[in-house]
Every structure is written in structure tokens, then in C-alpha cells.
Amino acid sequence: MARLANADQVVTEINKVRQVRQYKPDAVPDDIITQLLEIARWTGSSRNTQPWHFIAITDKDQLSKISQLRTPINWVAGAPLAIAIVLNGESLSSEAYDEGRVTERLMIGARILGLGGGIAFFGDDEQQAEAKRILNIPQERMARSVVALGYPKTIKDPRPNPVQGGRHPLEEIVSYDRMG
Ligand SMILES: Cc1cc2nc3c(=O)[nH]c(=O)nc-3n(C[C@H](O)[C@H](O)[C@H](O)COP(=O)(O)O)c2cc1C
């Protein structure tokens, strides 16, 4: 496989993927939603089980209900789109890994398509059960998050206690051949 002609640009863009919590009101066109779902579909999973179902949510009322599950995700109400990741609920640890993989692909895919994405966790067991009721997801399935998507207004965290950005430097987080 050849190195992409614009590999450096792609790497720079991947490193710029941030959690977006504030969006312009513009709708995400249907063909872009389909592209995002294709990106999700092609994610690798444990033993290729593809243990997921995706719910593309554009209904304002549904987005608002999800946003009210807990205050740290109130910003979801302002997103024009969210994709809920529903897992089979058969193998919790491998499906959690698969969920992380699909989530990051959506985040990177969004950036490539000129959008921004934001992860929103539903919360504890009760809040997950409520999210399932809102989205008509059978109780035996696992559903704990949506990825909100839209055209970014800013990457500023609007919440009263914003999470600090930035990343640890390589020398703090990398060893070679053995740890330490
Ligand atoms: C497992 C997981 C759950 C998260 N849940 C939420 C959430 O419920 N609400 C929220 O605003 N951000 C949530 N985030 C986003 C993180 O706060 C974000 O990834 C982190 O602050 C880094 O953001 P940055 O890439 O913009 O620097 C979650 C991220 C992960 C990986």
C-alpha cells in the first residue's frame, strides 16, 4: 500500500480531532449521514462480529430528550444529528472495545467531511435504561452513548466545569522495549 500523497496533511487532521459540543444550526445532508454510517459500518470488530446497530437521530425532540439524561450532555440538544451506538449486549468487554473503535472512526470521519463530533455518555444504569426507552432499544441490548455530529461553531467546552484540553508529551507516556 503506497503512502498517501497527502499523508502529512491527513495525520495533521487526525491530530486535530477534538470533542465538539457546539454546532451551527445547519442540518447534516442525507448523503453525508450515509457516508458517516458507511464509515461506521466498515469498522473492524472482535471476530468480525459487527455487534452493532446505529440509530441516526435528527429529530429535535429526541435529541432534546437524550440531552436531558444528565447535565454533562445537555449540549447534545444543539446538535443537528447524533448517532447512537447500540451493541448486542453479548460480550461486554469486546463490545466496549468495538464501540470505542467505531466511535473514533466517526470522530475522524466527521473531521474529514468538514464536521465535528462529540461523544456523549448516557450515564448510570438507570440513565441508560431511560435512553433505551427514548430510542426504542430493547432492554437486553447495550447502549451507553451517542456521537453527536454537526458543523462546528467552536471547540470550546460550554459546560460550567470544562475539561482541560491538551495531551501528555510523548516522553511521559512512551517507553521502548520495556516499560519504564
Ligand atoms: C468514554 C468517553 C466518554 C465521554 N463522555 C463524555 C460526555 O458524556 N460528555 C462530554 O461532554 N464529553 C464526553 N467525552 C469527551 C471527553 O471529555 C473528551 O474526549 C476529552 O475531554 C478530550 O477532548 P479534546 O479531544 O477536545 O481535547 C467522553 C469521552 C470518552 C472517550
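Here are a few notes on the ligand and the pocket that holds it.

1. First, the ground rules: this is a predicted model, where local features need pLDDT of at least 70, side-chain atom pairs count only at pLDDT 80 or more, and totals for chains, interfaces and linings use all residues. Residues are numbered from 1 along each chain as its sequence is written, and side-chain values use heavy atoms, with hydrogens and water left out.

2. Who sits around the ligand? There are 14 residues, and Gln19, Arg21, Arg70, Arg159 and Arg167 come nearest (near means a heavy atom within 4 Å). The shell splits into eight nonpolar, one polar and five charged residues (Ala, Val, Leu, Ile, Met, Phe, Trp, Tyr, Cys and Pro count as nonpolar, Asp, Glu, Lys and Arg as charged, and the others, Gly among them, as polar).

3. Now look at the ligand's oxygen atoms. One is 2.7 Å from an N or O atom in the side chain of Arg70, and for the side chain of Trp75 the distance is 3.1 Å. With Phe121 it is a backbone N or O atom that lies 3.0 Å from a ligand oxygen.

4. Which pocket does the ligand take up? The ligand fills the space of the largest pocket (a molecule sits in a pocket if more than half of its atoms lie within 2 Å of its grid points). On a 1 Å grid over the protein atoms alone, a pocket is an open set of points where a 1.4 Å probe fits, with protein on both sides within 12 Å along at least five of seven lines; lining residues have an atom within 4 Å of a point.

5. The lining of this largest pocket has 10 nonpolar, four polar and seven charged residues.

Conventions. Polar contact = N/O pair within 3.5 Å; in protein donor to acceptor, adjacent residues only side chain to side chain.
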